[in-house]
Amino acid sequence: MAKVIFLMADYGHDPSETAVPFTAFKEAGLQITFATENGKVPQCDAKMLEGITQMILGAKKAVVAQYKTMAESTEWNLPVSWSTPSFSVDEYDLVFLPGGHEKGVRQVIDSPIVHSLLASYFPQTKKPSKKAVGAVCHGVMVLSETKLPDGKSVLHGVKTTALPTRFEQLAFWGTRLFLGDYYKTYGACSENVEESVTRVLEKPEDFRNSLAPAPFVVEDDGYNYVSARFPGDVDLLGEKLVALVRNIMA
C-alpha cells in the first residue's frame with residue numbers, strides 16, 4: 001500500500017486544499033499520515049469553514065462535509081511530529097503540501113526543519129523514481145523556499161504553478177476593507193506568491209500559469225511532481241496524484 005504524508009502547520013491551511021486530496025487518497029486506498037511540528041492535531045482556517053466568510057469566500061458545503069469527515073478520522077487525530085530528530089519523510093511514497101493564505105501556514109513555509117526534510121526528499125523524485133511530491137497554492141512556497149547545498153531551490157529546473165498574482169491581488173483588494181491583510185500571508189506589502197516562486201526557478205517561463213477558471217495543474221517532465229494553483233484545482237490535483245502514485249508503484 002502506497003504511503004502519503006501531509007506536511008502541515010498547526011493551523012491555517014485551506015480546508016479545500018487539505019480535505020479534497022485527503023478524500024481522493026483515502027478512496028484510492030493510500031495509507032495517510034499527517035505531520036505537524038510537535039504532533040499537535042492540525043486545524044484548517046476557520047474563516048473558510050464558518051460564518052459569513054465561509055458562505056461568501058470559503059469552502060463549498062460538500063467540502064465542509066469532507067473536512068468534518070477528515071477531522072473525525074484516525075489519521076487526522078494521530079499526527080506525527082516533523083520536528084522529532086528521528087523523523088524522516090523517506091519512508092513515504094508521496095509528500096503532499098496543502099496551501100492556505102492564513103498567516104499560520106508560515107510555520108511550515110519558513111521551517112528550516114521542513115526545508116531539510118524536503119531538500120533530501122525532493123531530489124529523490126527525479127524520474128524514474130518511486131517517490132512523488134504534490135503541492136498547491138502556498139504549499140508550493142514550502143518547496144521554493146527549500147534550498148539545496150548549492151543554494152538553489154529544489155524547484156530550480158522544475159516546472160511548477162502556484163497561486164497566480166492576479167488571483168492573490170483580486171482576493172486581497174476585494175476583501176481589504178473588512179478583512180485587512182488576511183489574504184496576504186506575509187502582510188500587505190509582501191511579495192506575491194507567484195513572484196516569490198518564479199524568482200527561484202531556472203527560467204521565468206518555468207512558472208506555468210492559467211487565469212481560466214477551469215481546473216489547472218502542472219506535471220513536471222523530469223520529476224514526479226504535480227502542482228496546482230488554488231482550491232478550484234484540487235479535485236484534478238487529487239486525481240493526478242493518485243494516478244501518478246499508482247503508475248510509479250506498478
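What covers the buried residues of α8? The cover includes α2 (51-57) and α9 (193-198). This is a predicted model. Its largest nonpolar core has 70 residues, and nine salt bridges are counted.

**Helix α8**

- Helix α8 spans residues 165-179 and bends by about 30 degrees at Trp173.
- Six of its residues are named as buried: Thr165, Phe167, Glu168, Phe172, Thr175 and Leu179.
- An α-helix has 3.6 residues a turn, so residues three or four places apart point the same way.
- Just after α8, Gly180 adopts a positive phi of about 60 degrees.

**Nonpolar cores**

- Within the 70-residue core, the residues with the most contacts are Leu7, Phe25, Leu143, Leu155 and Tyr225.
- Helix α10 (residues 234-249) is the top contributor to this core, giving seven residues.
- A second, separate core has five residues, including Met48, Phe172, Leu179 and Tyr183.
- Phe172 and Leu179 are also among the buried residues of α8.
- Leu7 touches many residues beyond its neighbours within four places in sequence; among them are Ala35, Trp82, Phe87, Val89 and Leu118.
- Other contacts of Leu7 include Val95, Phe96, Leu97 and Pro98.
- In soluble globular proteins, nonpolar side chains tend to be buried together.

**Buried salt bridges**

- Glu168 pairs with Lys184, with the closest N and O atoms 3.1 Å apart.
- Glu168 sits in helix α8 and Lys184 in the loop between α8 and α9, so this salt bridge ties together parts 16 residues apart in sequence.
- Both Glu168 and Lys184 are buried.
- Asp233 and Arg229 also form a salt bridge, at 2.8 Å from N to O.
- Asp233 counts as buried because its relative accessibility is 0%, under the 20% cut-off.
- Arg229 is likewise buried, at 0% relative accessibility.

**The Glu145 network**

- Glu145 and Arg199 form a salt bridge, their closest N and O atoms being 3.9 Å apart.
- This pair links distant parts of the chain, 54 residues apart.
- Glu145 lies in the loop between α7 (139-144) and α8, while Arg199 lies in the loop between α9 and β8 (217-219).
- Glu145 has 22% relative accessibility, so it counts as partly exposed.
- Arg199 is exposed, because its relative accessible area of 53% is over the 50% cut-off.
- Glu191 joins Glu145 and Arg199 in a network of salt bridges.
- Side chains of opposite charge can pair when their charged atoms come close.

How values were computed:
Residues numbered from 1 in each chain as written. Predicted model: local features only at pLDDT ≥ 70, side-chain atom pairs only at ≥ 80, totals over all residues. Heavy atoms only, no water. Core = buried A, V, L, I, M, F, W, Y, C linked by side-chain atoms within 4.5 Å. Buried < 20%, exposed > 50% of the residue type's maximum accessible area, 1.4 Å probe, protein only. Helix = DSSP H or I, 4+ residues; strand = E, 2+ residues; numbered from the N terminus. Contact = heavy atoms within 4.5 Å. Bend = angle between axes of the 7 residues up to and from the residue. Salt bridge = Lys/Arg side-chain N within 4 Å of Asp/Glu carboxyl O.
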